[in-house]
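User: Please take one part of this structure and walk me through it closely, beginning with enough of the overall setting that I can find my way. I would like to know where the backbone does something unusual and how much of the surroundings is covered.

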Amino acid sequence: TKMALLLPKKFIEVGDPVVLYSGRGNIQLIRIEPGKTTNGKHGNYPHDALVGVEYGSKIVSKHGSGYVHALYPSPELWSQGLDHRTEILYASDISIITMYLELKPGMVVVESGTGSGSLSTAIARTIAPTGHLYTYEFHGPRAEAAREDFKANQLDKFVTVTHRDVCAEGFHPIPVDAVFLDLPSPWTAVPHAAKVLRPNKRVCSFSPCIEQVQRTCLALVENGFHEIRTIECLTRPFDIREIDAESGHDIRKLAKKRAREGVELSVTNYPRKTHCVTVPRASIKGHSGFLTFARKMLPESK
């Protein structure tokens, strides 16, 4: 049987999605097809050779020129390897959205727009097995592509995709526990969100520009929302390095230099004392967008 992203299994079968991981930033997302070969940076990998292999295994290329690890496609890895039909949200923003929308199993969630399905997949994992995501996309081909992705990954029982312009037509009249908006003009969708959102539940709007945030906040106030806050998440990764205890030189860089001179050098055979250190990267990914959260309150009692 084919594997759902939310129901991992041990061994790879025909039709299963697999992440070929060969280092940071080198990720290929494939689906196993008999007779097919995937060409990668570190060699060629016949799909037939992956059938029956355990997820997490090290796979040597056809001619032995390199290797990859065949990983189970969690929503995080899926987001990194999927076909980017639009700009997508990554783990840092998704984790904040999941927490501040107070998502949990059994909740009913509305999302617009669907885009590449990165956030949709993460939401589905969080609200499964009894919750449901209704996601709206105004672009027809993108909606259909997302629908096919969810079906292939057996997420279609948790996710319903609708081709609709929610800014003009609104959402289906279903009471929901959370609303997420990723739209060019989210303030026009706020009144529609207020109609379907249950009292004491939260809405989130993602916008790249502060002018969008300002108009959205005004619309939230006009439609009875409270606890309005906007945040921006910037992630700064750290690298782990082994350095010479006296000079501070990076052992990995020294090893590459010695290799060009025909000398084999590594951390294990380094002749002097070393230290393991963490070093912040000089350059980081900058601004992705602003996340605005608000809570729908009960109307004042008269």
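**A covered helix and its flanking loops**

Analyst: The chain holds 8 helices and 15 strands, and what follows describes a predicted model. Its C-alpha trace spans about 85 × 50 × 30 Å along the principal axes, and 43% of the 302 residues count as buried. Among contacts between residues at least 6 apart in sequence, 62% join residues at least 24 apart. The chain exposes about 16300 Å², of which carbon and sulfur atoms supply 53%.

Against that setting, the part I would single out is helix 3, which covers residues 118-127 and has 9 of its 10 residues buried. The buried residues run from Ser118, Leu119, Ser120, Thr121 and Ala122 through Ile123 and Ala124 to Thr126 and Ile127. Helix 3 is also part of what covers the buried residues of helix 2, together with strand 10, strand 11, strand 12 and strand 15 among others.

Helix 2 itself occupies residues 91-100, and its buried residues are Asp93, Ile94, Ile96, Ile97 and Thr98. When reading such a list, it helps to recall that an α-helix has 3.6 residues a turn, so residues three or four places apart point the same way.

The backbone around these two helices deserves a slow reading. Most residues other than glycine have a negative phi, and most peptide bonds are trans. Glu102, which follows helix 2, instead has a positive phi, near 60°. The place of Glu102 is in the loop between helix 2 and strand 7, and because its relative accessible area is 39%, between the cut-offs of 20% and 50%, Glu102 counts as partly exposed.

Beyond strand 7 (108-112), the loop leading to helix 3 contains Gly113, and the peptide bond joining Ser112 and Gly113 is cis, with omega about 0°. On the other side of helix 3, the loop between that helix and strand 8 (132-137) contains Pro129. There the bond joining Ala128 and Pro129 is cis as well, with omega about 10°. A cis bond is thus found in the loop between strand 7 and helix 3, and another lies in the loop between helix 3 and strand 8.

The strands that help to cover helix 2 bring in two further residues. Strand 11 (197-207) is one of those strands, and Asn200 is found in strand 11. Asn200 has a phi near 70°, again a positive value in a residue other than glycine, and with a relative accessible area of 46% Asn200 is partly exposed. Strand 10 (176-181) is preceded by a loop that starts after helix 5 (166-169), and His172 is found in that loop. Leaving aside neighbours within four places in sequence, His172 is in contact with Tyr136, Thr162, Arg164 and Val196, and its relative accessibility of 30% makes it partly exposed.

For contrast with the covered helix 3, consider helix 8 (residues 251-260), where Lys256 lies. Lys256 counts as exposed, because its relative accessibility of 54% is over 50%. Lys256 belongs to a surface patch of positive charge, in which Arg252, Lys253, Lys257 and Arg260 also gather. Over the chain, however, the mean positions of the 38 positive and 32 negative charges are 3 Å apart.

Definitions and conventions:
Residues are numbered from 1 along each chain as its sequence is written. This is a predicted model: local features need pLDDT of at least 70, side-chain atom pairs count only at pLDDT 80 or more; totals for chains, interfaces and linings use all residues. Side-chain values use heavy atoms; hydrogens and water are left out. Patches are made of residues with over 30% relative accessible area and no salt bridge: like charges are joined within 9 Å, nonpolar side chains (Val, Leu, Ile, Met, Phe, Trp, Tyr) within 5 Å. Accessible areas come from the Shrake-Rupley method with a 1.4 Å probe; for residues, only the protein chains shown count as cover. A salt bridge is a side-chain nitrogen of Lys or Arg within 4 Å of a carboxyl oxygen of Asp or Glu. Lys and Arg count as positive and Asp and Glu as negative; His and the chain ends are not counted. The place of a charge is taken as NZ of Lys, CZ of Arg, CG of Asp or CD of Glu. Helices (H or I, at least four residues) and strands (E, at least two) are DSSP runs, numbered from the N terminus. Buried means under 20% relative accessible area, exposed over 50%, partly exposed in between (1.4 Å probe, protein chains only). Contact means heavy atoms within 4.5 Å.
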